Amino acid sequence: MKKHNILSSAAGLAAVVCLAACTPKAAPQKAEAAENQTAAVAEEPVLVRTDVPNKAFFKDLFIDSGIRINAFPTMPTTSYLGLSYEWMRIGKDTLPNQDLQREIICGSADDTNGRLLYPDGEPRFKVIYVNGGLSDGHGLTMEMQGRETYRKFFANGGSYTGSCAGGYLCTAGFDRYYQGPGYLGIWPGMADEAAITKIFPNYIIPEDSPLLKYYDFGGDFKVDSVKHWNGPFYAHWQDVPGTEVLARNEIPGRILDSHPSIIAWKKDAFTGRAVPCGGHPEQVVDGEKRDLMAAILRYAMDGVGCAKVKGQLHNGELRRMTKATEDNDPAFTKIGDRQCHHFVINVPKKARNIRVRLEALDNYRLSLRMAQGTFAFKEDAQYKVENRELVKELVFDELPAGVWYIGVQCEDTVNATETEGCDIYTNTGVLNGVPYTVSASWETADMGKAILSRGADVNEMIKLLAAPTARASFLDSAITKIVFVTGSASKEGRRIDAPESEEPIYASMTTDGVVTISTPAPSIKAGKATSNLFAGFTKLTEIENLAALDMSGAISLMSFFKDCRSIEKLDISCLNTSKIVGMDNMLRYMPKLRELNIGTLRSIDKLTEKPSYFSCGTSDADDVRTCAASGELTIRCTKEAAQWLAGTTLRHMHKGNDTIEAVKIRFIDYLTGEEYFPEWPK
């Protein structure tokens, strides 16, 4: 079993959360990437397997009969092997056909990644097969972006095979000198051109050829009379280390005699396998030539790249998989149709009440699976939840300690109808990816609770780090960022835990205004009185890992973010409060605020009394009035919360007054994106 360390140092296990929110940043894959991380989580580095091939694809095969490539009505091997496939038959080189080919390979508004790739750049098919025709001509019509898409497909784990022109296209060029721009270089060697048509060499199968794993070819290691029509051969295969010879030409007196007719190459465990072929076995309906084509496809499919882990889920961390293709952040990109994303957790000894939670942020069906010892694909999972509910959980009193794999798979896909030129898709919304969140949490039996002091006291103690005589009532312009860190062995800074706390909590500050609040406990529990916790931090722009703050016992959020004048986006959907009796001034004096996410914050629709100044008052000065600088506010919440909020002093921002223009307020469903239009009080 091969393994590799996805995070190579303790510093590489940083679990941080973005801008005043519950959203985590990407965990680095290399030790050097950890230098810019804010805080380390005291969990052991995780070793993950590198010998498990990816098993989750939209279909098995993409057949490329694009511009300047031959198109046939069928490919017998697909039914012989029972393969699922999609066929691109484009035809003549016309402007409409160029546009169609570009949309299929490179993408469109409905599918920004193109049909070959998932939103995160992973291959959507196991194998691309390219037919005969004009190799560099087809490569040129694919344009630079199309050729890069094929290379990315291969580099990220999709395999490639092709016959004749497809065998040329795979290479860097031919005859050791012509490296035209239309070639892919997936196999980085040079092909050789025989410049001969209408010949039928025998294919000799070497005794060590992997094709013999699938068929014995009559036991004589030979396939007779394979059609050759100006296709390549690979005399210089040894120029590329790792190249395998799968078959050799036998045709005495010809230049290609004894040279490889089929080769294979796989760069590493995570790339696909290239299997170019010089001849034409693809249209034969039975016998050894059909088996030869079947063996080529099977070896290519068996060579797909190994499954990869998106990252490690740390205790209590919420991971948001919401990025789009154009964000170029595959570790946090949305999931595609039938794709499977993988994560790992490192369950410690004595862990109890283990909970893995998946929430789909769009109306598509996602499955949640777990396995120990291997990737949690459907057939390998030990535990699974596969219903249509948007929120799914796997809950355990205990689990064996060690590494567990988490699998998230999108079960929904497009509806595809085959036509003469290409498949026509409907239900295309899934192509640009489904957003979701995933998290894991557990309790450690021998770890006590870490409880914060009163909110105002913590506020003052943090301000004292910047100014020796500061008070909670003072405004502060030194602190720019606050980071919550759990599971930390650090004892640096000032103690800010309550007298009844069973574990210490420390606050420390760097010279650039970053405050780290750390504890060895798995979470930081707020006391009953949490008012003013972040009040008066006028330059504060980010609160990382807010999800580490357990608000279940709090009874007040009064002035919680008051005077946080630099925050533009605020996500408090992770503040799991059970009862709130006061929210006065919670969002007051936040002129730059333009986005607020409260999710399903249950306290909102349970309140019976409206706070007198939830966000603003009509007499607030223009320069500090909430949302005055942004001019608009988008609130993500439930329908019930939208109606409740419309009745608070939020209505003053909506209505405006004599000294300031009205703030435009939109209520958006936090899951579906539907806009609500609550009734505003008159």
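User: Which residues have the most contacts inside the largest nonpolar core?

Analyst: This is a predicted model, where local features need pLDDT of at least 70, side-chain atom pairs count only at pLDDT 80 or more, and totals for chains, interfaces and linings use all residues. Residues are numbered from 1 along each chain as its sequence is written, and side-chain values use heavy atoms, leaving out hydrogens and water. A nonpolar core here is a set of buried Ala, Val, Leu, Ile, Met, Phe, Trp, Tyr and Cys residues joined through side-chain atoms within 4.5 Å, buried being under 20% relative accessible area with a 1.4 Å probe, protein chains only. The largest one has 72 residues, and the best-connected are Leu 116, Tyr 150, Tyr 160, Ile 345, Leu 366, Met 370 and Tyr 436.

User: Which strand gives the most to this core?

Analyst: Strands are DSSP runs of E, at least two residues, numbered from the N terminus. With 5 residues, the top contributor is the one at residues 351-360, strand S17.

User: Which Tyr does Leu 116 touch?

Analyst: Touching means contact, with heavy atoms within 4.5 Å. Skipping residues up to four places away in sequence, Leu 116 meets, among others, Phe 62, Ile 104 and Phe 125. Also on that list is Tyr 150.

User: How many residues are in the second, separate core?

Analyst: That core includes Ala 507, Leu 570, Leu 601 and Leu 645. Its count is 61 residues.

User: What share of the chain is buried?

Analyst: The chain has 682 residues. The part that counts as buried is 58%.

Notes. Buried means under 20% relative accessible area, exposed over 50%, partly exposed in between (1.4 Å probe, protein chains only). Helices (H or I, at least four residues) and strands (E, at least two) are DSSP runs, numbered from the N terminus.
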